[in-house]
Amino acid sequence: MADLAHNPLSLLLVQLVVIIGLSRLIGRGARWLGQPLVIAEVLAGILLGPSLLGWVAPGTMEWLFPASSLPVLKMLSQLGLILFMFLIGLELDPRVLRGQGRASIVISYTSLLVPLLLGALMAWWLYPRLSEPSVPRPFFVLFLGVALSMTAFAVLARILSERGLLRSKVGLLALTCAAVDDVTAWCLLAFVVSGVRASGLEQAVSTTLLVLLYIGLMLGVVRPFLQRLGARVASREGLNQNVVVLILLLLLASTWATEYIGIHSFFGAFLFGVIVPKEGGLAEALVERLEDVVGVLLLPVFFVYSGLRTHLELLGSASDWALCGLILLVACVGKFGGSAVSARLTGMRWREAGALGILMNVRGLMGLIVLNLGLDLGLISPKLFTMLVVMALVTALIASPLLRWVYPPGEQARDRVPLAPVSPQVAPAPFTVLMCVGRGQVGSAMVALGYALTGPLAEPSQLYALHLVAPSDRSSLQPRREEDTSGDALAPLLGRASTLGLEVRPLSFVSTEPGLDICRTAEAKQASLILLGWHEPLFGRTMLGGTVREVMREAGTDVAVLVDRGLENVRRVLVPFIGGREDRAALGLARRLLRSTDAQVTVLHVTPSAGPREHTLEEPGRVHTRVVAHDSPEDAILEEARRGYDLVVVGVEAEHHERLIREASTSLLLVHPHRPASAGETADVADDKPDAAPALPADGPFS
């Protein structure tokens with residue numbers, strides 16, 4: 001132990017193992033509770049600090065984080081924050097601020113000014129109670145107002161990503177307002193820092209002139225150079241090590257310049273990230289190179305360093321906790337109230353306005369950065385720092401649960417895929433198929449089936465292709481990578497549809513509840529059929545389990561699962577009929593295939609005893625009925641399917657026909673009906689006996 005404590009490198013390595021390991025361990029629980037990973041990292045820092053570890057096992061904390069090691073952790077955390085602020089600047093695309101209209105301007109500045117003013121008023125009252133006399137009151141007041149008006153842009157992007165709101169009206173407006181708020185707040189904060197560091201009026205004027213010179217140099221010289229560089233780096237392969245070295249050198253020079261001027265290195269990193277061109281792939285390629293190192297290795301160090309400076313034991317009295325509650329109340333009322341009320345006044349519904357207010361109230365990481373800066377400058381005391389850390393953590397923790405309550409998934413689906421206005425229908429509703437693609441390989445077969453169901457001979461129809469993206473641990477530039485992923489998954493489907501001259505409307509968003517989101521999207525799009533692709537399940541799972549089973553159980557329409565075995569065209573179709581409403585739903589899809597295409601359909605009526613019956617067929621030239629006697633319906637279906645059919649359409653319940661899925665060499669369409677059985681059908685099914693054959697409809701299989 002002693003040797004470890006006196007070996008700085010060994011101690012640092014042990015500290016990193018503990019920090020990263022505990023952050024990821026808590027992160028698993030945070031994700032299970034629907035919280036972003038950053039919450040787990042903040043909690044890990046507090047748990048390893050004096051608030052818990054130092055209280056429960058002070059000797060262990062002293063051994064793991066001795067005072068001599070804190071300067072190293074501080075420098076490592078500062079480096080991580082410089083790179084993180086650079087990534088935030090890369091993520092902030094100024095183009096998102098254009099064309100957002102009056103609503104975004106009103107909401108942005110209202111959501112900034114209301115908490116700023118409320119925070120300043122509270123700070124004026126708190127100054128004699130929680131501040132040192134050596135701190136100028138105006139700077140204390142302005143700093144606390146800015147701290148309460150910040151929004152955690154990165155945490156906000158993560159929540160929007162995981163809730164599937166990145167491309168919704170609420171999500172885009174929240175990102176725009178957060179960007180405006182944070183840029184304005186950082187400018188105010190730079191003024192506060194320069195004022196605190198300036199020793200007199202002459203130095204304050206000098207600092208202001210140097211800041212203006214620095215900004216002019218960055219915008220007038222560095223940005224055009226980066227634009228030319230970005231035009232040459234048109235892809236990730238073009239970002240070689242020489243370009244990375246050049247970018248990092250410019251980044252370090254920018255951070256050094258702002259640190260030398262007196263407005264902190266964070267501002268230089270942030271502004272440099274903002275001016276890097278977002279076109280041409282340069283920004284995205286830089287994120288790919290840096291994000292994992294920053295997010296996995298360096299940022300957790302910052303959280304633990306913040307946790308080591310958070311002393312909950314300083315809040316030892318009821319009055320201290322009352323003041324902490326007051327700060328939290330003012331922060332929430334100012335940010336949530338200012339955002340929600342202004343959003344409602346611009347015409348948004350109360351649920352949308354409430355969701356926007358909840359999202360804007362998130363502080364998290366950006367709040368911690370500002371608070372650490374204030375503590376380093378001596379603007380706030382350790383006790384006030386602890387209160388503000390509690391405020392930042394609580395506002396981040398309550399965001400996801402409140403969002404689920406105020407803006408439930410049904411409202412999100414309405415925002416994401418708005419329903420058409422209700423009007424009297426003068427024509428029958430189109431037959432709408434929602435094709436859900438998990439992997440690109442099944443997309444081509446889905447289009448072949450969609451074309452057969454909605455071909456030129458059928459009534460009006462619509463086809464949608466839905467791809468759900470699983471949330472990842474990444475946050476920066478998340479929307480761009482998700483679009484790339486969805487494009488890759490839908491490319492085979494859209495390519496085949498273009499070849500067939502078929503119009504397919506793509507949909508894609510991030511989903512943590514794929515089964516329920518499929519059902520919500522189907523309801524919003526008024527889908528007549530949900531078409532799922534089947535994939536080989538993991539060991540020990542049922543053939544139609546997981547998301548498929550959930551969709552079959554929750555969907556408000558018919559569900560069909562395509563088991564693709566090389567489906568290219570739908571010319572010969574086999575429809576087994578054993579009895580029950582599932583088989584009748586399969587016959588309904590076969591009827592549609594007859595109306596849409598020139599396919600030939602064979603109805604295989606499996607009975608436990610021989611004896612063909614007379615049947616009246618709607619289209620004798622294209623419909624054939626075979627009645628076979630077999631003790632095993634699945635054996636009969638497999639035997640008949642080997643005769644060269646393109647597709648077998650069979651009705652199923654979620655737990656049936658697993659053997660058919662495993663052994664059939666022909667593509668299968670497994671149909672699960674939503675509509676409950678009619679009284680007549682219920683009687684038919686109830687009267688089925690092992691020694692009696694369920695009868696086909698009296699007027700033929702497609703009556």
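This is a short walk through one structure, from its aromatic pairs to its strands, salt bridges and a patch on its surface.

Hello everyone, and thanks for coming. Before we start, two notes on how to read the numbers. The model is predicted, so local features need pLDDT of at least 70 and side-chain atom pairs count only at pLDDT 80 or more, while totals for chains, interfaces and linings use all residues. Residues are numbered from 1 along each chain as its sequence is written, and side-chain values use heavy atoms, with hydrogens and water left out.

Let's begin with the rings. I call two rings of Phe, Tyr or Trp (its six-membered ring) a pair if their centres lie within 6.5 Å; planes under 30 degrees apart are stacked, over 60 edge-to-face, and the rest tilted. That gives four aromatic pairs. One of them joins Y127 and F140, which meet edge-to-face, with 5.6 Å from centre to centre and 65° between the planes. Y127 belongs to helix α7 (residues 101-130) and F140 to helix α8 (residues 137-149), so this pair ties together parts that are 13 residues apart in sequence. By helix I mean a DSSP run of H or I with at least four residues, and by strand a run of E with at least two, both numbered from the N terminus.

Are these two rings buried or exposed? Y127 is buried at 12% relative accessibility, and F140 is buried at 1%. For those words, buried is under 20% relative accessible area, exposed is over 50%, and partly exposed is in between, using a 1.4 Å probe and protein chains only.

Rings can also have a charge above them. The rule here is that NZ of Lys or CZ of Arg is within 6 Å of the ring centre and within 35 degrees of the ring normal. The charged end of R137 sits over the ring of W124, 4.5 Å from its centre. Over the face of F431 we find R592, at 3.8 Å from the ring centre.

F431 takes us to the strands. Strands count as paired if DSSP finds at least two bridges between them. Strand β1 (residues 431-436) runs parallel to β2, and six bridges join them. F431 has S461 in β2 as its bridge partner. On to the next pairing: β2 and strand β3 (residues 505-510) are also parallel and joined by six bridges. Here L468 is matched with F509 in β3. How many of the nine residues of β2 are buried? Seven are, which leaves strand β2 (residues 461-469) mostly covered.

Helix α23 (residues 514-524) has eight of its 11 residues buried, so it is largely enclosed by the rest of the structure. Among the buried ones are G515, D517, I518 and C519. After α23 comes Q526, with a positive phi near 55°.

Now for charges. A salt bridge here is a side-chain nitrogen of Lys or Arg within 4 Å of a carboxyl oxygen of Asp or Glu. The whole structure has seven of them. Take R309 and D376, whose side chains meet at 2.5 Å, N to O. This pair links distant parts of the chain, 67 residues apart: R309 is in the loop between α14 (282-308) and α15 (318-345), and D376 is in helix α17 (residues 364-377). R309 is buried at 16% relative accessible area, whereas D376 is partly exposed at 35%.

Another salt bridge brings R505 and E503 together, at 3.8 Å from N to O. R505 is partly exposed at 36%, and E503 is exposed at 59%. R553 also forms one with E554, with 3.3 Å between the closest N and O atoms. In that pair R553 is exposed at 54% and E554 is partly exposed at 42%.

One more arginine, R591, is found in helix α25 (residues 581-596). Its relative accessible area is 26%, partly exposed. The C-alpha atoms of R591 and L453 are separated by 9.6 Å, with their positions 138 residues apart along the chain.

Let's finish at the surface. Patches are built from residues with over 30% relative accessible area and no salt bridge, joining like charges within 9 Å and nonpolar side chains (Val, Leu, Ile, Met, Phe, Trp, Tyr) within 5 Å. The areas come from the Shrake-Rupley method with a 1.4 Å probe, and for residues only the protein chains shown count as cover. L47, L52, W55 and V56 make a nonpolar patch of about 420 Å². L52 sits in the loop between α3 (37-47) and α4 (53-56), and is partly exposed at 34%.
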